[in-house]
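Welcome to this short tour. Please open the model in your viewer and keep the selection tool at hand.

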Amino acid sequence: MVIKVISVIAYLVLAPIVGCILAGLDRKVSAKMQRRVGPPILQPYYDVRKLFEKEKMAPTRYQDFYIIAYLVFLIGAGAIFFAGGDLLLVIFTETIGAAFLVIAAYSSNSPYAEVGAERELLQMMAYEPMMLLTAVGFYMFHGSFTVDDLVKPDTMAFLPMIGLFIGFIYILTIKFRKSPFDLSMSHHAHQELVRGVTTEFVGRTMGWIEVSHWYENIFLLGFIFLFFCNGTVWGCVIGALVCIAAYFLEVFIDNSFARMKWQFAFKSAWIVAIVLGMVNIFILQLVF
Amino acid sequence: MAYVTKSPWVVHYDGSSCNGCDIEVLACLMPMYDVERFGIINTGNPKHADVFLVTGSVNEQNKDVVRQIYEQMPEPKVVVAVGICACHGGVFRDAYNILGGVDTVIPVDCYVPGCAARPEAIIDGVVKGLGILQAKREAMVNGAKAIPAEEEAPAEEAPAEEAAAPAEETAEEIKEEGGEA
């Protein structure tokens, strides 16, 4: 119990710090790939601090409520994950959080934000099956949905679940809002739909969105970590290294591909979920 | 130090520019000058922007657009007029549809002369704007009224020939800033 409380508190405190540094490294590495010097590593922190210094300005006063709900549900999803809770509950809580972001975008009544919100919904439809299949795969292999059981199994789930792993990396591009699939909101300014779902969020509200991205990125990387847990220290080390590698693979993908239409994002995510995910689950069913 | 000077996000609007200054503004973002190393991002969204870069003079058709972009930006904000057309109308000043510089419509904090303004001069203008941004932020915190733009503005409405002059000193400033970053 004490360990659970400590790990949740560690998540609440460390996730934004690590998420911020990862976001800073993301921008630095992207800049290096474009042969630029790039901003300082702490630039995302400066950005958020600046956003909190700005004047309050909102088309509707309810949008702050929705954004805070988005943040709270994402933190909640991460907290359940790091407390060793149910993997399905983590996914559903995270989905509710994402839905609040969509509602917030709709509430602003801006055409850019509304188109962004519609695309966000399509993206949710695209990645949701694969996320659920990943959880199902863990259940098939380890016989439990509980993160507590998934972090101390006897065998590493990576090789038997490699199809699900690749599928999860695929949808991670959507979740991280990286380039081929950053339809609803691009991290790079001045591109798609002005700023997509976040077009109307000013100052503090926008700052909260950035902070929730940090939280979200960390517990999504936690999913990748679960593939490598085998109860030993080495499993944890490999898991952590693969998490970092996966993050920078997404940065690499971000810088190498042009943005696709939502039809492609949707179809390809489902094809990956059906081909890699389902086939992998059939194999798990037959072999294990 | 206010964080607003560490991550000034820019919104760029092309008034009735000949595109010369626009290309120089974009040149600032390219790997050669890479203003992102100071945290400067070119957002297309006035609601996220701190610095409003206007190129080209203001005419009857775009005065409302300029005013609306300015009003959509949350405080603290600064306006930088880039190029002689944005400063005072330039060669188009006497045209029947031209109102003049950007300051005929919205308060301008910083003027960057040149035709076209050199990237170094634009960066210098934005860096000067950051000082004003900081002062405005402090005024916001202290609850005082923001300093009127006219008093703070360097108001260097220099002719286009002098555009190369600030470039010399800015090169050093850029180096210094780059070292910090």
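**Chain A as a whole**

Start by selecting chain A: of its 288 residues, 50% are buried, where buried means that 20 or more other C-beta atoms, placed from the backbone, lie within 10 Å of the residue's own (exposed means 12 or fewer, and partly exposed is in between). What you see is a predicted model, in which local features need pLDDT of at least 70 and side-chain atom pairs count only at pLDDT 80 or more, while totals for chains, interfaces and linings use all residues. Residues are numbered from 1 along each chain as its sequence is written, and chains are lettered from A and ligands numbered from 1 in the order in which they are written.

Now switch to a cartoon view. Chain A has 10 helices and 0 strands; these are DSSP runs numbered from the N terminus, with helices being H or I of at least four residues and strands E of at least two. Turn the chain around, and its C-alpha trace spans about 55 × 45 × 40 Å along the principal axes. The radius of gyration of chain A is 19 Å, which agrees with the value near 19 Å that a compact globule of 288 residues would have; this radius is taken over C-alpha atoms, and the globule rule is 2.2 Å times the number of residues to the power 0.38.

**Helix 3 of chain A**

Next, select residues 63–82 of chain A, which form helix 3. Is this helix mostly covered or mostly open? Mostly covered: 14 of its 20 residues are buried. From first C-alpha to last, helix 3 reaches 29 Å, close to the expected 28 Å, the expected span being 1.5 Å times one less than the number of residues. Just after helix 3, click on A:Gly84, which takes a positive phi of about 80 degrees.

**Where the chains meet**

Show chain B as well. Here 26 residues of chain A are in contact with 21 residues of chain B, contact meaning C-beta atoms, placed from the backbone, within 7 Å. Which helix gives the most to chain A's side? Select residues 43–53 of chain A: this is helix 2, with 6 residues. The predictor gives the complex an ipTM of 0.79 and a pTM of 0.83.

**Confidence in chain B**

Finally, colour chain B by pLDDT, the predictor's confidence in each residue from 0 to 100. Its mean is 79, and 78% of its residues reach 70 or more. Confidence is highest in strand 5 (residues 78–82) of chain B, at a mean of 92, and lowest in helix 6 (residues 164–180) of chain B, at 45.

Definitions and conventions: Two residues are in contact if their C-beta atoms, placed from the backbone, lie within 7 Å.
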